[in-house]
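Here's a walk through some of the packing in this protein, written for someone with the model open on screen. Take a look at it first, then read on.

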Amino acid sequence: MYFKPYYLGCLAHASYMIGAEGGPAAVIDPRRDVDEYIADAERAGLTIRFVIETHLHADFVSGHVELARRTGAQILIGDRAGATFPHIPITNEMRIELGDVSLTFRTTPGHTPESVIALVTVAGDDNPRLIFTGDTLFIGDVGRPDLAGSRGYSAEQMARLMFASLRDSILTLPDAAEVWPAHGAGSSCGKALSNDRASTIGREKALNPALRYVLDGDEEGFVQYHTEGLSAAPGYFGYDAQRNREGAAPLAEATAGAVPLSPAEVEELSESGVLVLDVRSVADFGSAHIPGALHVQLEGTFAPWVGRVARPEERILVVAEVGAEHEAIMRLARVGYENIAGYLEGGMAAWNAAGGEQAAVPQLPADTPLMPRRTVVVDVRSREEYDAGHLEGALHIPLPELVERIDELPPAPLALMCGTGYRSSIACSLLLRAGRREVLNLAGGWEAASKARTGIEPSAHVA
């Protein structure tokens, strides 16, 4: 058996290639940029025969259609997906053969109506070795039930479907079977995913809190547990799910408009309403940036945060460190942001040389007790993070809610805080775009402040 897992940390997304050594293979839940799968298959002497989607992904645009076109593979997806691209619909207990490896599918509605899992068996084995669980069963969690609302299902209805799928299709599997899900910690597709990449059915029975309700036969308890405490889904999720239902264009075609632009062209586009997206570091953005730019640092959970603060249909102009422009554009395309007007050629150095106007965000270390008087701290972390510890007197508005709740902010100077300074820099840029001027970023965030074991109070020593 040939088996290779892939993990894309910026999206907390796992995909897989499975097959017979030197023979036919399948790729499960591919990311949008598919070159690595093709190159690995060629090196291993594999022929990619199938591309398998465990469900319609909402948090990224899949490369299933491009991969199938480039390899001649057939796409398999659940029969309730409503997919409009050529495909083979997966039905319960359907089976495909990859030489001495076979995949048997079970339909597992709950995260989405069309969700499936795949059981991998090698010739001579009585039981499956691996289970590709998609977003049905995660390590330490199960897939959230509220991402199918636009398709006519309530979160409670999906939770009850999930309970039945877990009870009948997953917990009946052998304890030794390995669990390989589609996501890890950091994904918005669940509530409390583990950092682990794989587990076993037995380990999840013992440690996964959601499964305790199923093992005890407590459907009502499961529904309550499964539907409470869900954060708002990023706004682009519905858009990406529809793109995956239809099949996205090849990556090269989607990013063809990403051309280098001069400072004068950037200035003209910015003034015409094109969104300037600055992906440089927090420190570099704070030192100098194009006025009105939205900031999301490329290093970190870049694409999901772009997805929370910008719309997929917006025309975007990228400002990056020289050499990082195409990486940023590819990461945007991975989550369906393809309307790229171009990027600033030569980066901010070129902008400065051309005499372009600049704005800045003061960076105040969060572990210092000195802050301008009258300043109000705005904590943009999640409710769970805030409840676990926060600065006394801080105003709490989670980052995804900031723009809608901007009228709640006092007219005083604002100091934005998150866990490390990453999200608070995004928040600063949003406030500046909205017309606020006295805004600073608490660099190091709550991590630095809590380590220093000190509160932050206004001080007469700082102007």
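Let's start with a helix near which two strands sit in contact: the buried residues of H16 pack against strand E21 (414-417) and strand E22 (439-443). Contact here means heavy atoms within 4.5 Å, and buried means under 20% relative accessible area, with exposed over 50% and partly exposed in between (1.4 Å probe, protein chains only). Helices (H or I, at least four residues) and strands (E, at least two) are DSSP runs, numbered from the N terminus. H16 itself covers residues 445-452, and its buried residues are Gly445, Ala448 and Ala449. Looking down the axis of H16, you'd find these buried residues within an arc of 95°, so they line one face of the helix. That arc is taken from the directions from the helix axis to the C-beta atoms. As background, an α-helix has 3.6 residues a turn, so residues three or four places apart point the same way.

A word on the source: this is a predicted model, where local features need pLDDT of at least 70 and side-chain atom pairs count only at pLDDT 80 or more, while totals for chains, interfaces and linings use all residues. Residues are numbered from 1 along each chain as its sequence is written, and side-chain values use heavy atoms, leaving out hydrogens and water.

Now for strand E4 and its neighbours. E4 (residues 47-53) has 5 of its 7 residues buried, so it is largely enclosed by the rest of the structure. Two strands count as paired if DSSP finds at least two bridges between them, and E4 has parallel pairings with E3 and with E5.

| Strand pair | Bridges | Sense | Partner residues |
|---|---|---|---|
| E3 (residues 24-28) and E4 | 5 bridges | parallel | Pro24 and Thr47 |
| E4 and E5 (residues 74-78) | 4 bridges | parallel | Val51 and Ile75 |
| E10 (residues 130-134) and E11 (residues 178-181) | 4 bridges | parallel | Phe132 and Trp180 |

Helices connect into this picture too. E3, helix H1 (residues 35-44) and E4 form a right-handed β-α-β unit, and E4, helix H2 (residues 64-71) and E5 form a right-handed one as well. Right-handed means that, with the strands pointing away from the viewer, the path from the first strand over the helix to the second runs clockwise.

How do H1 and H2 meet, and at roughly what angle do they cross? Their axes come within 10 Å and cross at roughly 35°. Asp35, Tyr37 and Ile38 of H1 make the contact with Leu67, Arg70 and Thr71 of H2. Axes are lines fitted to C-alpha atoms, for helices over the stretch in contact, and angles run from 0 to 180 degrees between N-to-C directions.

Glu36 also lies in H1. Glu36 is partly exposed, at 31% relative accessible area, and touches Lys4, Tyr6 and Arg31, not counting residues up to four places away in sequence. Glu36 and Tyr6 are 30 residues apart in sequence, but 9.5 Å apart in space, C-alpha to C-alpha.

Elsewhere, an open sheet of 6 strands runs in the order E7-E8-E9-E10-E11-E12, with mixed pairing. Strand E7 (95-98) and strand E12 (199-200) are at the edges with a single partner strand each, so one side of each has no neighbour in the sheet.

Finally, helix H11 (residues 302-309) packs on helix H12 (residues 325-334) at an angle of about 65°, with their axes 9 Å apart. Phe302, Ala303 and Val306 in H11 meet Ala328, Arg331 and Leu332 in H12.
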